[in-house]
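Visitor: I am new to this structure and would like a close look at one part of it. Could you pick a pair of strands, start there, and then lead me outward to what else can be seen?

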Amino acid sequence: MSNSFLYKLSVDYLHELSHPQVMTVKLYEADPYLREFTATITKVEGDWVVLDRTGFYPGGGGQERDRGTLDGRDVTGIKGKEEISHQVPGHDLTVGSQVKGILDWDNRYGLMKAHTGEHLLFSSLSRRTEMELVKISLSKEKKVLIVKGHLDWDMVRDAVQEVNDIIAAGAEVTCQHVDRENMGEGGPRVKLDRISDRMVRVVSIGDHDSAACAGVHLKNAKEIGMLLVSKFTSAKPAGDWEIEFLVGPEAIRTAVDHSVRSLILAERMGALPQDSLTAFDNRDRELTRARDSLKTYGRLALSSLQPVKLGERNYYSGSFTGLDRKLVMDKANEMVAGGGSVAALVCQDDKTFLVLACSTDVRLDCVSLLNSVLSQHGGRGGGKPNFASGGTAGQVEASIIIDEIIRLLKMS
Ligand SMILES: [Zn+2]
C-alpha cells in the first residue's frame, strides 16, 4: 500500500469525523404516495436542515424537486443524495426536534404522471427510430423531452397513440434492484457511466419499458389518464427535437381544444378534417401563384407609367392596389435614375402607402414634402432627401394625395 494512498485514507477519515454524513431514509422510494411524514432533525446549517428520513424528492432525472412545508414553513430548496438537506428560511428548528413534512401533493402527483409518461413516450418513440436522449425537464409548468434522431410527425402520432393504448390498458409499474454486472445488451435503458452503485434500480412498466431510474413513479400507467404531445419542433443544435407534452386532465382539455380548432380550420378550408392538410397545401400553392401574377402585372403597370412635364422636371405619378411595397419602391428608384425626375407612387392596401423619390440633381427634400402631405391624414414617413416613404393612419383616396403633391411641387 503506497504512502499517498494511506495519506488519502486518513484525510478522508478525519473529514468524516469532523463532518459526519448521516444517511437520510428516502421514504419516497418505498412509498411514492406518501403525502405527510414525521422526521427528526439530525443537522442544522443556517436555513438548511437535514432529516433522518424524508418524503421530499430532491429532484433528479430531469424532474423538479418537490414543493411543500416543514412544520408549516415553505421548503424552498432540497439538496443532497445520501444526506438530504431541506431549505426552510426563517425556521427555529434544532437538532433532535421532531418535524412534520407535508408535500404539495397536486404538484408531486402531476410530476409522477409526467415522469411515468415520459418513460412510455421515450420508449415508444425509440421503437420507431434510432434515438438518443439529450435532456428531460419536468416541472408543473412545462414538460419537455429533447432527443436526437430522425423523427417526424407520423412517428410522433403513432407513439402517442401507443402510449395512450398502454395507459388505457393499465400497465403496472414495478421496481427492482439489479446487479450492474447483469445489465447487458437488450436489457433496461441505462447509462452506467452515470451510476456509481453496484446495484441499479430498474423501473419497468408492464413489458413496454424498462429503464434505470431513481425517480418517483406511479403504481400503474392508468393513473396518467392521457398523454398528449403539445409541441414538436426542431431544437438547437440541428438534429435535436424538442417534444413538449401534457398529462392528465390538462392533456384532455388541450386535446379537445386542439380538435375543435382543427375542425373549424377544416370547415373554413372547405375540406374534411382528414383532408385539411392537403387542402391547406393546395391553397398555399394558389396563393403563391396569385402573388406571382400580381407581381408580374404590377411590374407591367409600373413600367407603362409615362412622365409628364412639371416645369423643367419629368414627373411620374400613379396609384396601385395590393402591390408589393418593395416592388413599388424599386420602380420609383428606377424612374428617377436618369436625372431631372420626380416620382410619386401611391400603393393601397389596408392603409395608403406613399413613395416619393427625386433624381440627385433635383433640389427637393422628399422627407419633408412627404410628411407635409401624410400628416394631413394622420400619417408619417422617413427616408433620405431624395427618397422617402411612409403611410397614412387609414385609407385615403390616392387622387387627394397626388393632387396635393403636385400643388406643393409647383410651389417648390
Ligand atoms: Zn423514472
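## Starting from one strand pair

Guide: Happily! Let us begin where strand 11 meets strand 16 (residues 240–247): five bridges pair these two strands in the antiparallel sense. What you are looking at is a predicted model, so please read every value here as computed from that prediction. To find the pairing on screen, look for Lys148, whose bridge partner in strand 16 is Asp240.

Keep your eye on strand 11, which covers residues 143–149. Strand 11 is joined to strand 10 (residues 131–138) as well, through seven bridges, and the two run antiparallel. Strand 10 and strand 11 form a hairpin, with four residues between them. A handy marker here is Lys135, which has Ile146 in strand 11 as its bridge partner.

Now go back to strand 16 and look for strand 15 (residues 227–235). Eight bridges link strand 15 to strand 16, again in an antiparallel arrangement. One pair to pick out is Val229 with Phe245, its bridge partner in strand 16. Strand 15 and strand 16 make a hairpin too, with four residues between the strands, and in that hairpin Gly239 takes a positive phi near 100°. So you can trace a path through these strands by following their pairings: strand 10 pairs with strand 11, strand 11 with strand 16, and strand 16 with strand 15. As you follow it, a general point may help: in a regular strand, the side chains alternate between the two faces of the sheet.

From here, let us visit another set of strands. An open sheet of seven strands, paired antiparallel, runs in the order 6-5-9-2-3-8-7. At its edges stand strand 6 (73–74) and strand 7 (77–79); each has a single partner strand, so one side of each is left without a neighbour in the sheet. Within that order, strand 2 (residues 36–45) and strand 9 (residues 98–103) run antiparallel and are joined by five bridges. Look there for Phe37, which stands opposite Gly101 in strand 9.

Next come the helices. A general word before we meet them: two packed helices are described by the angle between their axes and the distance between the axes.

Helix 3 takes in residues 105–126. Its 22 residues reach 31 Å from the first C-alpha to the last, close to the 32 Å expected at 1.5 Å a residue. Helix 3 is also mostly covered, with 16 of its 22 residues buried. Its axis and that of helix 4 (residues 153–169) come within 9 Å and cross at roughly 135°. That angle makes helix 3 oblique to helix 4, and the crossing is right-handed. To see where they touch, select Gly117, Leu120, Leu121, Ser124 and Leu125 in helix 3, which meet Met155, Ala159, Glu162, Val163 and Ile166 in helix 4.

Another helix pair is helix 5 (residues 248–269) with helix 6 (residues 276–303), whose axes come within 10 Å and cross at roughly 45°. These two are therefore oblique to each other, and helix 5 passes helix 6 in a left-handed crossing. On the helix 5 side, Ser262, Leu265, Ala266 and Met269 meet Ser276, Ala279, Phe280 and Arg283 of helix 6.

Further along you will find helix 8 (residues 366–374) and helix 9 (residues 398–411), packed at an angle of about 135° with their axes 10 Å apart. Their contact is made by Leu369, Ser372 and Val373 of helix 8 together with Ile401, Glu404, Ile405 and Leu408 of helix 9. Helix 8 and helix 9 cross in a right-handed way.

Let us finish with two loop residues. Gly394 sits in the loop between strand 22 (387–391) and helix 9. Gly394 is exposed, having 11 other C-beta atoms within 10 Å. Along the chain, Gly394 and Gly379 are 15 residues apart, and 8.4 Å separates their C-alpha atoms. The other residue is Arg180, in the loop between strand 12 (173–179) and strand 13 (199–205). Arg180 has 14 other C-beta atoms within 10 Å and is partly exposed. From Arg180 to Val49 the distance is 33 Å, C-alpha to C-alpha, with their positions 131 residues apart in sequence.

Terms used
Residues are numbered from 1 along each chain as its sequence is written. This is a predicted model: local features need pLDDT of at least 70, side-chain atom pairs count only at pLDDT 80 or more; totals for chains, interfaces and linings use all residues. The expected span of a helix is 1.5 Å times one less than its number of residues. A residue is buried if 20 or more other C-beta atoms lie within 10 Å of its own, exposed if 12 or fewer, and partly exposed in between; C-beta atoms are placed from the backbone. Two strands pair if DSSP finds at least two bridges between them. Axes are lines fitted to C-alpha atoms, for helices over the stretch in contact, and angles run from 0 to 180 degrees between N-to-C directions. Angles under 35 degrees count as roughly parallel, over 145 as roughly antiparallel, 65 to 115 as roughly perpendicular and the rest as oblique. A crossing is left-handed if the near helix is turned anticlockwise from the far one by less than a right angle, and right-handed if clockwise. Two residues are in contact if their C-beta atoms, placed from the backbone, lie within 7 Å.
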